[in-house]
Amino acid sequence: MQADALNLLHRTMDAQLVRSEHPEGFPYLPPVPSSRYTDPAFARLEHDGLWMKNWLLAGHVSDLPGPGSYFLFEQLDQSVIISRAKDGAIRAFHNACRHRGSALLLEHSGKAMRFVCPYHAWGYSLEGELKSVPDQHDFACLDKAENGLKPVRCEIERGMIFINFDDNAGPLSAFMAPQAAQKEGYPLERMVVKERLLIEMNCNWKLALHNFLEIYHVGTVHAKSIAPYLDSPSFVVALFENGHMRFATRKKKGDTIFEADLFKPDDVAEVFNQCTIALPTFPNAFYALDPGGFSLQTFWPAGVDKSIMEVRLMGWDVDSDADRQHWQAMNGIVRNILSEDLCLFRSIQRSLEQGTIPELRFGYQERALYWFEEEVDRRIGIDAIPESQRVAQVLAGQMQR
Ligand code: FES
Ligand SMILES: [Fe+2]
């Protein structure tokens, strides 16, 4: 972000600080039906229209440090091998043997220069070709060339690995383009995963994600942990095409929980020193860039009323005891902050399930939640959603191009 753009951002934040009325001309946000979070039929619409058709953030290139490194993507009732070949290329395959369907890899991550099925030992190359079949003479007419692993679309953007289960989807670059400029000046591809957390939650995945799309709750829920670092009333939101967004909040003390003077690179743009820049990435990823590192979070359904938050703590490529200790400590700090939010999620789900709260109300500070819900409907296809479960499409005029 250039100096002019940073000045403009500060002026936009200043305007927020003195605002005491609903912004003139900003649309009314109608209530959002609670059944979107409780109805298995709505979850099925999401499965078909959202999860099976969109680019999904599966990991970071540093999850695959060298040839043969792999990890498994195991959300959405899928098992996908994501691995790095000898030439450095990253590919994704369904973790399913072409013989009788066994998973090839059972460990979440590791190193394998060949995928050998644990059932009858069919062997596949890192490029997915079927290379070896024990007693192949017993399989009349088996054409090995026709029986490679089933590929899954896999593309990289700024160090982030995305997969897509839809062979007909457009390129990742086009999907991400509306948000791309917001990451300039932050060397995401040089980051490394320092810590990884998996957190189970007793609520619909969208309710969990909502929590990260506003800072309206920070003053109450995080009064001591986050609020001291953020000038929350300065919070500004940019809505982009494809459901992506950018949040900017001025830092209060000039630092955040992620500041670590030891490890700050000197080529991070100034905007990231002055502001917390958060980048909600449709449908289910959230991270807030900070010169000291950040927490990369993805949210996945595990049933209509259960979900999983996958957290990667991202830092710089420093190999030292001090760095390891720092990130172990950050693991605890992040867990504590998340637990401040998480303890409320089950009660929200219960209120919606019991019909006590038939619809949710989003205010202006929660416009990002509404934009997200609108995009969910657009991706599923508005006509495919029962009228009683749709959200009205009201925010297109507020989108930034
Ligand atoms: S299922 Fe893989 S070798 Fe038989
Ligand atoms: Fe929170």
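Start by selecting Phe93 and Pro151: in this predicted model, Pro151 of strand 10 is the bridge partner of Phe93. Now widen the selection to residues 90–94, which are strand 5, and residues 151–157, which are strand 10. These two strands pair in the antiparallel sense over two bridges.

**The open sheet**

Keep strands 5 and 10 coloured and bring in the rest of their sheet. Seven strands form this open sheet, in the order 2-11-10-5-4-3-6, and the pairing is antiparallel. Which strands stand at the edges? Select 56–60 for strand 2 and 109–111 for strand 6. Each has a single partner strand, so one side of each is left without a neighbour in the sheet. Turn the view and look along the sheet: the twist averages 30° from one strand to the next.

**Two crossing helices**

Next, select residues 40–51, helix 2, and residues 367–380, helix 9. Their axes come within 8 Å and cross at roughly 80°. An angle from 65 to 115 degrees counts as roughly perpendicular, and helix 2 and helix 9 are therefore described that way.

Show the side chains where the helices meet. From helix 2, pick Leu45, Glu46, Gly49 and Leu50; from helix 9, pick Val376, Arg379 and Ile380. What classes of residue make up this contact? There are four nonpolar, one polar and two charged residues.

**A hairpin with two faces**

Move on to strand 13, residues 236–239, and strand 14, residues 245–250. They pair in the antiparallel sense over four bridges. Within this pair, Val237 stands opposite Phe247 of strand 14.

Now colour strand 13 by face. In a regular strand the side chains alternate between the two faces of the sheet. Which residues of strand 13 are on its covered face, and which on its uncovered one? Val237 and Leu239 are on the covered face, whereas Val236 and Ala238 are on the uncovered one.

Then follow the chain round the turn. Five residues lie between the strands of this hairpin, and Asn242 takes a positive phi near 70°.

**Zoom out**

Finally, show the whole protein chain, with its nine helices and 20 strands. Its C-alpha trace spans about 80 × 55 × 35 Å along the principal axes. For 401 residues, a compact globule would have a radius of gyration near 21 Å, and the 22 Å of this chain agrees with that. Of the 401 residues, 39% count as buried. Among contacts between residues at least 6 apart in sequence, 64% join residues at least 24 apart.

Definitions and conventions:
Residues are numbered from 1 along each chain as its sequence is written. Chains are lettered from A and ligands numbered from 1 in the order in which they are written. Two strands pair if DSSP finds at least two bridges between them. Axes are lines fitted to C-alpha atoms, for helices over the stretch in contact, and angles run from 0 to 180 degrees between N-to-C directions. Angles under 35 degrees count as roughly parallel, over 145 as roughly antiparallel, 65 to 115 as roughly perpendicular and the rest as oblique. Two residues are in contact if their C-beta atoms, placed from the backbone, lie within 7 Å. Ala, Val, Leu, Ile, Met, Phe, Trp, Tyr, Cys and Pro count as nonpolar, Asp, Glu, Lys and Arg as charged, and the others, Gly among them, as polar. A residue is buried if 20 or more other C-beta atoms lie within 10 Å of its own, exposed if 12 or fewer, and partly exposed in between; C-beta atoms are placed from the backbone. The radius of gyration is taken over C-alpha atoms; the globule rule is 2.2 Å times the number of residues to the power 0.38.
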